[in-house]
Amino acid sequence: MSRRSPERAAPQVPAPAAVAPAAAERATGGNGPRRRIVEPDPPFRSTPVATLDEPWAMTFLPDGRLLVTQKAGSLRIVDPATGRVGTVSGVPAVAYGGQGGLGDVILHPQYASNRRIYLSHVERSGSLYGAVVVRARLTPDSAGGGHLDMVERIWEQVPKVGGQGHFSHRLAFDAGGKLWITSGDRQKFDPAQDMSGNLGKILRLNADGSVPADNPFANQGGVAAQVWTRGHRNPLGIAFDAEGRLWAHEMGPEGGDELNLILRGRNYGWPLVSNGNHYGGAPIPDHGTRPDLEAPKTWWTPVIAPAGMVIYSGNLFPTFRGDAFIGGLASQALVRVRFNGTAAAEYRRYPMGRRIREVEQGPDGALWLLEDGAGGRLLRLTPPG
């Protein structure tokens with residue numbers, strides 16, 4: 001299995017003076033339960049519904065149709081009942097290339113009354129790039145597509161930098177209506193620790209892009225006021241569990257993919273520590289060498305290249321309830337993580353034969369996957385039989 005994906009393509013530079021790696025931290029780990037339960041193997045059947053071009057993210061509309069982003073810049077509406085794929089016009093122009101393009105899509109919590117959706121994408125300014133988030137009003141049409149208007153820019157990565165990697169730009173709303181954004185380190189390392197910018201951070205905003213007064217660094221003002229946590233590399237999945245706890249995974253360098261419990265004001269260590277090494281083998285101090293920095297709850301070496309995540313809450317798969325399902329790019333798998341409070345560990349891994357970019361839960365409790373790349377299929381997972 002390759003340990004690289006397009007998200008891992010750029011060379012890495014050595015870290016400062018490294019501590020000898022601890023063997024226990026250089027392999028897949030975590031302190032969660034490994035209790036097995038009886039269920040079919042595999043516990044689902046996979047049904048292709050539609051084929052798309054470089055799909056990246058999806059979310060369900062109240063009528064059961066899906067909004068799906070395609071990386072090159074188009075927004076689609078997919079009808080699961082027929083496989084029909086419509087187009088939404090009015091999407092902002094995106095800077096497409098490398099890991100950049102049109103990214104995440106989510107609905108406002110009051111979408112049924114305001115029809116607002118949120119999109120992340122990459123923009124270019126000269127030779128520099130950065131992610132932005134916009135909100136807009138969606139009006140579906142009778143042809144199976146729709147149109148966006150009232151497009152409003154509410155957030156951007158600061159600063160814009162060269163290169164087209166590690167944008168992250170995943171989005172989520174919490175139960176209180178706050179907007180969460182993951183912002184990657186843009187393959188620049190040190191900005192993840194620099195509070196003068198928002199690279200390498202997880203951010204918490206109001207739905208209009210303004211900063212909540214109770215954010216941990218609100219009194220610093222400026223960009224720092226947006227920050228909830230720092231020290232992240234490339235977070236490509238974010239989800240809340242049933243207790244309202246926020247979980248996020250991120251790609252490590254060569255080894256050390258992480259699943260983190262996101263806690264107010266904490267520093268998650270990148271690039272000071274990692275349970276992986278730089279590409280080429282240059283060591284990075286392990287998390288255990290810096291107890292002042294937040295360690296992952298579980299990690300993967302060799303890497304899985306995580307992308308997309310949902311914590312299952314439906315009834316269609318009773319044995320799945322409360323477990324996280326993570327798409328694997330390099331691993332070409334659906335990775336299942338089981339929690340015990342704030343402990344976590346990989347529970348099972350289901351080979352899918354293709355790079356998995358996105359995972360969602362449908363209104364009826366089915367799991368939905370997007371395969372990565374050209375000809376990526378939309379798959380519906382249902383109980384076997």
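**Stop 1: the largest pocket**

Start with the lining of the largest pocket in this predicted model: by class, this lining has 24 nonpolar, 11 polar and 8 charged residues. The space in the largest pocket comes to about 1,100 Å³. To find its centre, select Phe 173, Ala 239, Phe 240, Val 310 and Glu 360, which are the closest to that point of the 43 lining residues.

Now colour the elements that give two or more residues to the lining. They are:

- strands β3 (55-60) and β7 (102-107)
- helix α1 (111-114)
- strands β11 (168-173) and β15 (235-240)
- strands β19 (306-311) and β23 (356-361)

**Stop 2: strand β25 and its partners**

Next, select residues 374-382, which form strand β25. Then add residues 45-53, strand β2: β2 and β25 run antiparallel and are joined by 8 bridges. For one pair to look at, pick Pro 48, whose bridge partner in β25 is Leu 379.

Keep Leu 379 selected and bring in strand β24, residues 367-371. This strand also runs antiparallel to β25, with 4 bridges joining the two. Here Leu 369 is the residue that stands opposite Leu 379.

Follow the chain through the hairpin of β24 and β25, where 2 residues lie between the strands. Stop at Gly 373 in this hairpin, which takes a positive phi near 90 degrees.

**Stop 3: the loop between β10 and β11**

Move on to the loop that lies between β10 (146-156) and β11, and select Pro 159. The peptide bond joining Val 158 and Pro 159 is cis, with omega about 0 degrees.

In the loop between β10 and β11 you will also find His 166. Although His 166 is not a glycine, its phi is positive, at about 55 degrees. Is His 166 buried or exposed? His 166 counts as buried, because its relative accessibility is 0%.

**Stop 4: the loop between α1 and β8**

For another positive phi, go to Arg 115, a residue other than glycine with phi near 55 degrees. You will find Arg 115 in the loop between α1 and β8 (116-125). Arg 115 has a relative accessible area of 31%, so it is partly exposed.

**Stop 5: the loop between β18 and β19**

End the tour at Pro 302, in the loop between β18 (298-300) and β19. Select Thr 301 as well: the peptide bond from Thr 301 to Pro 302 is cis, and omega is near 0 degrees. From here you can continue into β19, one of the elements that give two or more residues to the lining of the largest pocket.

How values were computed. Residues numbered from 1 in each chain as written. Predicted model: local features only at pLDDT ≥ 70, side-chain atom pairs only at ≥ 80, totals over all residues. Heavy atoms only, no water. 1 Å grid on protein atoms, 1.4 Å probe; cavity = no way out; pocket = protein on both sides within 12 Å on 5 of 7 lines; lining within 4 Å. Points joined across faces, edges and corners; volume = space filled by probe spheres on them. Nonpolar A, V, L, I, M, F, W, Y, C, P; charged D, E, K, R; others polar. Pairing = 2+ DSSP bridges. Buried < 20%, exposed > 50% of the residue type's maximum accessible area, 1.4 Å probe, protein only.
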